Structure formats: structure tokens, C-alpha cells
Amino acid sequence: MRAAALFLAGAAAVVITTGSAVAQAGRYLAPPPVVLSPNLTDPWVMQLQPGNVPIYAAPQARSPRAWSAPAEPEAKAARKADPRTRPLAPEFLPQEVTYDGPAAPGSIVIDTVNRFLYLVEKDGMARRYGVGVGRPGFTWAGEHRITRKAEWPSWHPPAEMRKRQPGLPVMMAGGPKNPLGARAMYLGSTLYRIHGTAEPWTIGHAVSSGCIRMRNEDVTDLYERVKVGTRVIVL
């Protein structure tokens, strides 16, 4: 009886020892990998699938992006554009054209709507120049004659203009920066003139206080072709 008890106790000790050894050995075994399930719509508990090999789509190769400077909107460019860089439209350059109006050869006809000055010639022809004209509120029409001509004239802003634009000089000597430019032809007893300009980019536009302005090279050409007494018709 005593021998049987000792045998059972020994067997139990062997089982316990063996189980303990197996358990101890299991502590050092690498556990199965824990990976995420490709189906991410499953509940999070179901996403832990030991032993599964996840399948992921291979990343697609991307071609390098070509960089280019952003295009500036046209409206913004127009607001910031320096008017001095504005090219003169070809139609405002001097050219010979046909003329079938009533004015006699030697007369000057100024079309303020289309911004052209015509020096009427013989045989139904005219020499046409581009001009700048009076801005809204300063337009006029009528007929006068050239009563005086001046080269590199001085400028005497009238009192009305000095009142509108405080700071203007009472007189400005002639020269490249003078608003009257290289030549001036005075029209009767009015304050209006056909003259050059230090701002050639304004030709073809309504910008003046009523005077007819031309590029300096064009007004010089016209100046040599007309005389005091020339008839000027402003339409």
C-alpha cells in the first residue's frame, strides 16, 4: 500500500515536471504573426487574423510632374500692365488712304470718334495719322484755322485746368517732357491745339482736355506740310 502511494506520487511529479517543462519551452516559441485583414470593413476584432498573409495592391509608379509657372489671369495682368509698354496699333501709324469727303485739298479733317487726322491731298487721297482726343466731357466739334505754329512750345495751363488739377505749374518750358511735345499748331482764339505728346502710348485714346495730340514724329511731319491759315474741321 505504501509502495503504491509512492509510485503515484512519483508519476504525478513526472507529469507536473513534464508539463512545466513544455510550458516553459512554449514561452520561447515565436507567436504567429498578427496581420490586418484586407477587408477593413470587418469589425476591428475580426481584423486580427493570425496566420493570414495580407494581399495589398502594388503601388503604381508615378511619372514625375512637369512644373510650370502659373498663368496670370488676363484681367489681373491688364490692371497691372504699364500703359507705357502698350504698343501702338498699326492703323494709327501714318499712311496714305483714299478720301472722298467734301474738304478741299490742303485742309485738315479730324475724326474724333475713330481717332484719325486726315490731311486732304489731291486726286482723292489723304495722309492719315492716329491721334488722341478729348476724354468724355471734353469733346468738341467745329471749324477753325491754324493761327500760329510753334516748335517745342512752352506750356501755359489755363486757369480752369489748374483749378481741376492743383499743383500744375503756371508755365512749363518747352522740351521732351513738355505735354505739348515737339510741335504745336494753335486753332483760332480757342484754347485747343494740335500738338505732340510726351505720352505716345495715349494715341488712339480719349485722354486729353480737348486738344488733339499726335506722336512727336507725326506732328513734326504734319507741321512741315501745313501753313498758318490752314482750315481745320473737327468732327
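**Strand S7 and an aromatic cluster**

Let me begin with strand S6, residues 142–151, which runs antiparallel to strand S7 and is joined to S7 by five bridges. Please keep in mind throughout that what we are looking at is a predicted model. Within that pairing, one contact to pick out is Lys149, whose bridge partner in S7 is Met185.

S7 also pairs with strand S8, residues 193–195, again in the antiparallel sense, and here there are three bridges. Met185 comes up here as well, since Met185 stands opposite Ile194 in S8. Between S7 and S8 there are five residues, and the two strands form a hairpin; in the turn, Gly188 has a positive phi of about 55°.

Now, how many of the five residues of S7 are buried? The answer is five of the five, across residues 183–187, so S7 is largely enclosed by the rest of the structure. If you follow the side chains along the strand, Arg183, Met185 and Leu187 point one way, while Ala184 and Tyr186 point the other way, and all of these are buried.

Two charged side chains deserve a moment here. Arg148 lies over the face of Tyr186, at 4.0 Å from the ring centre, and Tyr186 is one of the S7 residues I have just named. Lys149, the bridge partner of Met185, lies over the face of Tyr223, at 4.2 Å from the ring centre.

Let me turn to the aromatic rings. The structure holds four aromatic pairs, and one of them is formed by Phe92 and Phe116, which are tilted, with 5.4 Å centre to centre and 40° between the planes. Phe92 lies in the loop between helix H2 (74–80) and strand S1 (95–98), whereas Phe116 lies in strand S3, residues 116–120, so this pair ties together parts that are 24 residues apart in sequence. Are these two rings buried or exposed? Phe92 is buried, with a relative accessible area of 11%, and Phe116 is buried too, also at 11%.

A further pair is that of Tyr99 and Tyr118, whose ring centres are 6.5 Å apart and whose planes are at 40°, so the pair is tilted. Tyr99 lies in the loop between S1 and strand S2 (108–111) and Tyr118 lies in S3, so the pair ties together parts that are 19 residues apart in sequence. Tyr99 counts as buried at 16% relative accessibility, and Tyr118 counts as buried at 16% as well.

To put these rings together, Phe92, Tyr99, Phe116 and Tyr118 are linked by ring pairs into a cluster.

Technical notes
Residues are numbered from 1 along each chain as its sequence is written. This is a predicted model: local features need pLDDT of at least 70, side-chain atom pairs count only at pLDDT 80 or more; totals for chains, interfaces and linings use all residues. Side-chain values use heavy atoms; hydrogens and water are left out. Buried means under 20% relative accessible area, exposed over 50%, partly exposed in between (1.4 Å probe, protein chains only). Helices (H or I, at least four residues) and strands (E, at least two) are DSSP runs, numbered from the N terminus. Two strands pair if DSSP finds at least two bridges between them. Rings of Phe, Tyr and Trp (its six-membered ring) pair if their centres lie within 6.5 Å; planes under 30 degrees apart count as stacked, over 60 as edge-to-face and the rest as tilted. A charge sits over a ring if NZ of Lys or CZ of Arg is within 6 Å of the ring centre and within 35 degrees of the ring normal.
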